Amino acid sequence: MNTILSGIQSSGKLHLGNYFGALRQHIQMQEEGDAFYFIANYHSLTSINDGEEIRQNTIDVALDYLALGLDPDKATFFVQSDVPQHAELAWILGTFCPVSLMEKGVAYKDKIQQGLKPNIGLFTYPILQAADILMYDADLVPVGKDQKQNIEICRDLAGKFNHNYGEELLKLPEPHILESVAVVPGIDGQKMSKSYDNTIGIFDEGKTLEKQVMSIQTDSTPLDEPKDPESCNVFALIKLFADEEKQNEIAQKYRDGGYGYGHAKKELLAMIEDYFAEARAKRKELAQDLDTVRDILSEGGKKARARAEKVMEPVREATGLLKSY
Ligand code: TYM
């Protein structure tokens, strides 16, 4: 049975990119293997240094995951900082990581460009991510395309570590990236991302959701004229929700003319509302009982810590950190 592992940062509202690029696969894959999903709150410290905000975001991501179908009886669901072994392994892996490897980090450069302060945590972010993955002997890591380089770095570090100690102590994982949703576009057509301020929230509703959908950027082809669905940001998002038949039907309306971008946006809005209606109701219900959510996380933390020790003990032994010196 494959071990599946992935994480999501607690750094703000989850959006359609997180859902289609990653979370939906997480939920599906809990049926297929031994799954570990966690809230990456150590990672979110690289961009948020406000305790209350981190706490709130952590419980929000937990509610999102559970409302969208994560089943704690099937997957081990926990908060990263409840397993301090992640930080311990990250330190050890860091001693195998050439500075030049981090300097090639695309995500780091991108985040700096977006105005984040270039702290060391942000710079060495992929090392902690490698520790997250290697800690559970993960075979598959379901993520969006923006994480591909981080998984390659993880493999690289595990290989260096194993080579040095002459043993396969750490298992090299494979990324699991679905091509069709590898990069979900935002309302401006760039990759949907909090740092680009172009997101549509999974759990946004009413006027907020409407405003996001109505602000999707389109060209200025007049209503009557035929339009190309494949170059339209609205259609790119419609494709995430509609089955093939519905997609073809809407594509035909684009090509026929007389169908405006406003019409397409209204159809998309209805699709989003409908698609997440059940999850939205479930989230509201769960939010009334946060103690149950906290219990789920704390139970998951307990299981994850026990599992983490299985990798950490031989690692400490090999590195000479165990008390048998
Ligand atoms: P985060 O929280 O930024 O993103 C969570 C997941 O959502 C995916 N994603 C997207 N996929 C397609 N299109 C988009 N527009 C889009 N935006 C976000 C991301 O690829 C990601 O899979 N570093 C990770 C968190 C992490 C992690 C890990 C993941 C920490 N440790 C270990 C896997 C394994 C991240 O940035 O998540």
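**View 1. Strand β1 in the predicted model and its cover.** In this predicted model, strand β1, which spans residues 3-9, is mostly covered, with six of its seven residues buried. The strand also takes part in the surroundings of the ligand, since β1 gives the most to the shell there, namely five residues.

**View 2. The pairing of β1 with β2.** Strands β1 and β2 run parallel and are joined by seven bridges. Among the positions that can be followed in this view, Ser6 has Tyr37 of β2 as its bridge partner, while Gln9 stands opposite Ala40 of β2. Together with helix α1, which covers residues 16-29, the two strands β1 and β2 make a β-α-β unit that is right-handed.

**View 3. Strand β2 and its pairing with β3.** Strand β2 comprises residues 34-40, and because six of these seven residues are buried, β2 is largely enclosed by the rest of the structure. Strand β2 also pairs with strand β3 (residues 75-79), again in the parallel sense, and five bridges link β2 and β3. One of the pairings to look for joins Ile39 to Val79, the latter being its bridge partner in β3.

**View 4. The surroundings of the ligand.** The ligand is surrounded by 25 residues, of which the closest are Gly17, Gly21, Ala22, Val143 and Gly144. Two or more residues of this shell come from each of the elements β1, α1 and α8, and the greatest contribution is that of β1, with five residues. When the residues of the shell are sorted by class, 10 are nonpolar, 12 are polar and three are charged.

**View 5. Helix α4 and the face that carries its buried residues.** Helix α4 runs over residues 85-94, and its buried residues are His86, Leu89, Ala90 and Leu93. Seen down the axis of α4, these buried residues fall within an arc of 105°, and they therefore line one face of the helix. A general point helps in reading this view: an α-helix has 3.6 residues a turn, so that residues three or four places apart point the same way. The buried residues of α4 pack against four further helices, which are α2 (41-44), α8 (125-134), α9 (148-165) and α15 (290-319). Of these packing partners, α8 also belongs to the elements that give two or more residues to the shell around the ligand.

Conventions
Residues numbered from 1 in each chain as written. Predicted model: local features only at pLDDT ≥ 70, side-chain atom pairs only at ≥ 80, totals over all residues. Buried ≥ 20, exposed ≤ 12 C-beta atoms within 10 Å, placed from the backbone. Arc of directions from axis to C-beta. Contact = placed C-beta atoms within 7 Å. Pairing = 2+ DSSP bridges. Right-handed = clockwise from strand over helix to strand, strands pointing away. Near = placed C-beta within 6 Å. Nonpolar A, V, L, I, M, F, W, Y, C, P; charged D, E, K, R; others polar.
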